[in-house]
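Work through these exercises with the structure open beside you. Try each task before you read its solution.

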Amino acid sequence: MKPAPFTYRAASSSPEAIDALAKEAPPRILAGGQSLVPMLNLRLAPADALLDITRIAELRAVEETINSVRYGALTTHASFEDGLVPDASNGLMSHAAGNIAYRAVRTRGTIGGAIALADPAADWVTVCIALEAVLHLQSTSGKRQMQVEEFVLGPYFTAIAEGELISTIEVPKRSASERWGYHKVVVKTGEYAESMAVALLDRARGFARIVLGATDGAPIVMKKSAGALLAAADEAALKTAIACDLEAGEHEFGAAKRMLHTTAVLRAAKDAMAS
Amino acid sequence: MNVKVELTINDRKVVADVEPRTHLADFLREHLRLTATHLGCEHGVCGACTVLIDGAPARACIALTVALEGADVKTLEGLADDRRMRVLKTSFHERHGLQCGFCTPGMLISAWDLLRRKPDISERQIRQEMSGNICRCTGYQGIVRSIKHAADTLQSSVGV
């Protein structure tokens with residue numbers, strides 16, 4: 001028995017959950033629990049009350065529209081990995097999900113929980129920002145939508161408001177001609193990343209996007225690097241663009257980190273070009 | 001305040017009154033005396049406590065019992081008669097898949113799930129897929145060999 005005592009309540013519907021979250025001392029939301037429960041066990045995350053949302057059926061629903069797929073916040077990593085949900089990303093989400101932690105974590109961990117936690121070294125924030133995904137949030141004051149890119153503000157720091165619940169992650173269907181590259185640097189398979197990069201390239205519609213994660217801050221949208229990728233720049237030019245992007249933000253990277261991040265972006269870009 | 005929970009463990013209905021902070025591994029070991037499930041790190045890193053929840057592998061030390069209302073849990077005890085598990089146990093025995101044995105229950109459950117999902121698997125894939133289970137005797141060579149041997153045994157006997 002490791003966690004300190006807390007009270008527990010399971011909500012059976014979204015309205016019930018957001019009512020419970022509107023209290024003065026709101027409970028912490030329990031989704032897959034793959035980050036929260038270890039932190040409770042280590043007594044790093046203080047929680048007097050937990051609100052279990054895993055029995056809310058609508059948060060598991062996945063809906064395909066003409067232009068997008070709306071993944072319920074409780075969609076597990078394993079559902080993406082196993083192709084049990086429609087794919088909006090030409091296989092990128094399934095590939096990324098299959099490389100999150102370990103199978104016994106992926107069967108329970110959820111995409112909504114991962115984005116709500118916004119661990120900078122975790123996969124979904126970086127991948128969802130690359131895919132220009134939109135979050136649907138709800139609270140007793142109503143519903144709103146927000147780009148994941150705007151939602152993630154820093155390490156474990158998001159724009160979620162008091163009493164808000166992530167209900168859906170909507171991913172616009174990527175064009176069939178888009179190619180992706182994904183490169184993650186890990187010391188051991190399944191561990192949190194030292195660096196990770198996602199590159200998207202669609203020559204047919206003149207589009208490229210590169211996002212760098214595991215930066216100890218919010219993921220970085222690498223605009224100059226994407227421009228170089230689209231222009232089919234050689235490696236030297238791409239490296240110059242990456243260096244520009246790395247220097248542009250508020251981050252200060254040491255020499256080793258700069259090298260890791262540069263390598264991750266280069267490899268992701270090469271994979272996007274080659275595939 | 002205790003919470004009442006009803007779940008199935010190794011095909012047996014269990015009704016219990018538990019503190020919300022009781023994780024599944026403690027519940028299995030302390031309340032039900034199902035001690036095949038081992039506890040190593042107790043924060044979801046080592047994999048020793050891996051069990052099956054609704055047929056899928058999960059860390060019992062970071063699954064809260066109260067949140068498992070209606071779930072179907074299987075531990076190593078519950079797989080004693082399962083053919084794939086018997087083949088795995090024999091392989092671990094014959095190919096030196098264990099030394100002290102502490103990590104073995106988690107290794108067996110993870111390997112059982114792995115061979116169900118990917119029956120035709122290479123050594124390299126086994127290494128990647130089993131990376132969530134730590135052996136502090138560092139007996140990985142024997143473990144990988146055992147799982148590969150079990151996979152080959154099961155493959156060669158398909159349809160027999």
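**Exercise 1. One leucine in chain A**

Why does Leu229(A) count as buried? Then place Leu229(A) in its helix and list its contacts away from its sequence neighbours.

*Solution.* Keep in mind that this is a predicted model.

Step 1. Start with the cut-off: buried means under 20% relative accessible area. Leu229(A) has 1% relative accessibility, so it counts as buried.

Step 2. Find the helix. Leu229(A) lies in α9 of chain A, residues 223-230.

Step 3. Leave aside the neighbours within four places in sequence. Leu229(A) is then in contact with Ala199(A), Leu200(A), Leu201(A), Arg203(A), Ala208(A), Ile210(A), Leu238(A), Ala269(A) and Met273(A).

Step 4. Try one distance. Ala122(A) is 107 residues from Leu229(A) in sequence, and their C-alpha atoms are 25 Å apart in space.

**Exercise 2. Two domains of chain A**

Split chain A into its domains. Then describe the contact between domain 1 of chain A and domain 2 of chain A.

*Solution.*

Step 1. Read the domain assignment. Chain A has domain 1 (7-51), domain 2 (59-172) and domain 3 (182-274).

Step 2. Count the residues in contact. Domain 1 of chain A gives 13 residues, and domain 2 of chain A gives 15. The C-alpha centres of these two domains are 18 Å apart.

Step 3. Take the area. About 1,000 Å² is buried between domain 1 of chain A and domain 2 of chain A, with 70% of it from carbon and sulfur atoms. On the domain 1 side, Ser14(A), Ile18(A) and Gln34(A) lose the most area, together 45% of what that side buries.

Step 4. Look for polar links between domain 1 of chain A and domain 2 of chain A. The count of salt bridges is zero. The count of residue pairs in polar contact, both at pLDDT 80 or more, is also zero.

Step 5. Name the main element on the domain 1 side. Helix α1 of chain A (residues 14-21) gives the most, with five residues. By class, this side has eight nonpolar, four polar and one charged residues.

**Exercise 3. Two domains of chain B**

Which elements of domain 1 of chain B each supply at least two residues of the side that touches domain 2 of chain B? Describe this interface too.

*Solution.*

Step 1. Set the bounds. In chain B, the assignment gives domain 1 as 3-78 and domain 2 as 81-156. Their C-alpha centres lie 22 Å apart. The contact takes 16 residues from domain 1 of chain B and 15 from domain 2 of chain B.

Step 2. Add the area. The two domains of chain B bury about 1,200 Å² between them, and carbon and sulfur atoms give 64% of it.

Step 3. Check the links between domain 1 of chain B and domain 2 of chain B. There are zero salt bridges. Five residue pairs are in polar contact, both residues at pLDDT 80 or more.

Step 4. Answer the question. The elements are β3 (50-53) and β4 (56-59) of chain B. The largest share, three residues, comes from β3(B).

**Exercise 4. A helix in chain B**

Which residues of helix α1 of chain B are buried? Say what covers them.

*Solution.*

Step 1. Go to α1(B), residues 24-31. Leu24(B), Ala25(B), Asp26(B), Phe27(B) and Leu28(B) are buried there.

Step 2. Find the cover. It includes β1 (3-9), β2 (12-18), β3 and β5 (72-74) of chain B.

Step 3. Look just past the helix. Arg33(B) takes a positive phi of about 55°.

**Exercise 5. Where the chains meet**

How many residues of chain B are in contact with chain A? Then describe the side of chain B that touches chain A.

*Solution.*

Step 1. Count. Contact joins 28 residues of chain B and 28 residues of chain A.

Step 2. Take the area. Chains A and B bury about 2,400 Å² between them, 61% of it on carbon and sulfur atoms. Arg21(B), Ile62(B) and Leu64(B) supply 26% of the area that chain B buries against chain A, more than any other three residues.

Step 3. Check the links between chain B and chain A. The count is zero salt bridges. Eight residue pairs are in polar contact, both at pLDDT 80 or more.

Step 4. Name the elements. On the side of chain B that touches chain A, two or more residues come from each of β3, β4, α3 (104-117) and α4 (123-129) of chain B. β4(B) gives the most, four residues.

Step 5. Sort by class. That side of chain B has twelve nonpolar, seven polar and nine charged residues.

Definitions and conventions. Residues are numbered from 1 along each chain as its sequence is written. Chains are lettered from A and ligands numbered from 1 in the order in which they are written. This is a predicted model: local features need pLDDT of at least 70, side-chain atom pairs count only at pLDDT 80 or more; totals for chains, interfaces and linings use all residues. Side-chain values use heavy atoms; hydrogens and water are left out. Domain bounds come from an automatic or database domain assignment. Contact means heavy atoms within 4.5 Å. Buried area is the accessible area (1.4 Å probe) that two parts lose on being put together, summed over both. A salt bridge is a side-chain nitrogen of Lys or Arg within 4 Å of a carboxyl oxygen of Asp or Glu. A polar contact is a pair of N or O atoms within 3.5 Å; within protein, one must be able to donate a hydrogen and the other to accept it, and residues adjacent in sequence count only if both atoms are side-chain atoms. Buried means under 20% relative accessible area, exposed over 50%, partly exposed in between (1.4 Å probe, protein chains only). Ala, Val, Leu, Ile, Met, Phe, Trp, Tyr, Cys and Pro count as nonpolar, Asp, Glu, Lys and Arg as charged, and the others, Gly among them, as polar.
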